[in-house]
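Please find below a short report on strand pairing in one protein chain, written for a reader who has the coordinates at hand.

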Amino acid sequence: MRDLCFVFLCFVAVLPIQAQPKEPILMLNTDMHGAAINCIETDAKGQYLLTCSDDKTARLWDATTGTGLRTFRPPVGYGDEGRLYTCALSPDGKIAAMGGWTGSSWNSVDSTKVTVGKWTGYALKRQFTVYMFETTTGDLLAAVDGLGDEILDLKFSPDGKYLLAALGGTQGVSIIDTETRKRVRELVGYGSAARSMAFSSTGQLAVVSDDGYIRIYDKNFSQKKVQTLPSGRKPTDVDFSPQGDQLMVGCSDLQSVLILDTETLKRVDVSIGATLTAKQPFTAVAFSADGNKYAGGNNKAFNEYRIRMWKGGTYNVLGVSDFAVAKSNITGLKALPDGSVAFCSSYPEIGRITKDSKSLTQWLTGNTQREYIRSGEITRYESRQRKQFQVNDDGTQVGLYSVGKEMLFFSLTDRELKTGSEAFPVFTTRDDRSKIRITGWQNSTAPLMNNKALT
């Protein structure tokens, strides 16, 4: 066993360090995100929305018209490198920050000493990066390196002096000075990933962690209290009420959100609005500027994902509204100063629910309406819906189905893309007449025909 450990340690000690790719990595320049949107944020006045995505871009939007203003493209690499889990806008809207699985491919230059019994080796220590862009020009202002794990959440302090990064592992929270763009302090003592953060109007900071604790800090980042959550061990999101007297916490292992008193951290609201009967947890939460509570996540009904709004405090359905707004999981909620709430989904989609809770309308370029929703042009090919991919007998024409749209046919010989009705057979993995069986094709690059590798 010791020999095996020694071999392993020797192996990790000589792992190659990748450099940042020098050759161009081509990406489609679309008007909308092309993969799941993981976060949505706004500035203090609610003029802009900032979103970030698994497609490795962040985008700035006009919060009133829905017009796309700018696309930010931080350095990317292969595989997960460059996936953005979180973003933040400075209170004045001048700085856009973003991070996720960022920078680790070329910044992991330190090593960690590992000892097992009498054997000692060195393993590479990953380091991650937060990127800061100027919103008016799109210029990269800073790449803040050296963070000890993936970046799961970013928040600017209310005065804009600091940018906080919640980190995975047990790294806690890094505090970055926005003027010098240097890390100036670490909030430590975490037993697992720091998952989500929120600031109150008075500057208090709340952090929920995968270790099951909620931590409250004062405006000087001195820890005031730390306490286990009253229930739920997998917190996903947290937000302060406008007055700062309550906290709302979403958890992936609960069918209800937690509404806590800020001082005692005891649960104070268990109204029907905060609870779902189905096993579909609320994982994104937000208080609106006028104090209403919003929660979303996996709340699905009739093939639409819903956001719930309620005023709380009573065990009845009065004052509870469910908005069918998205085609996939709600991944983020953000309150705007006018009482509306912006959201994003993994479809990907972004939209806004107005203060008067009117139904959403399509969000188009130049739209001046105060409620909107915008969806990505997504094509999905799931084995359960085989008609979404078709091919003719000689393979010269391919049929593609864009979700919610008509069939598109591309001719490989004529190089033309045309619309048309469903005309070609759908694919099959088994033909009993010719005794052909295709396996190992899904999520794989090594399909088998009759259990033999294709050459």
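What follows describes a predicted model, taking the strands around one buried element and then a separate topic, an open sheet.

Strand 25, which covers residues 304–310, has 5 of its 7 residues buried, that is, under 20% relative accessible area, and it is therefore largely enclosed by the rest of the structure. Strand 25 pairs with strand 24, residues 293–301, in the antiparallel sense through 6 bridges, and within this pairing Ala-295 has Arg-308 of strand 25 as its bridge partner. The hairpin formed by strand 24 and strand 25 leaves 2 residues between the strands, and in this hairpin Phe-302 adopts a positive phi near 55°. Strand 25 also pairs with strand 26, residues 321–326, again antiparallel, over 5 bridges, where Arg-306 finds its bridge partner in Ala-324 of strand 26.

An open sheet is built from 4 strands in the order 1-2-3-4, with antiparallel pairing. Its edge strands, each of which pairs on one side only, are strand 1 (37–42) and strand 4 (68–72), and the twist from one strand to the next averages 20°. Strand 1 is joined to strand 2, residues 48–53, by 5 bridges and runs antiparallel to it, with Leu-50 in strand 2 serving as the bridge partner of Glu-41.

The table collects the strand pairs for which bridges are listed.

| Strand pair | Bridges and direction |
|---|---|
| Strand 24 and strand 25 | 6 bridges, antiparallel |
| Strand 25 and strand 26 | 5 bridges, antiparallel |
| Strand 1 and strand 2 | 5 bridges, antiparallel |

Definitions and conventions:
Residues numbered from 1 in each chain as written. Predicted model: local features only at pLDDT ≥ 70, side-chain atom pairs only at ≥ 80, totals over all residues. Heavy atoms only, no water. Buried < 20%, exposed > 50% of the residue type's maximum accessible area, 1.4 Å probe, protein only. Pairing = 2+ DSSP bridges. Axes fitted to C-alpha atoms, helices over the stretch in contact; angles between N-to-C directions.
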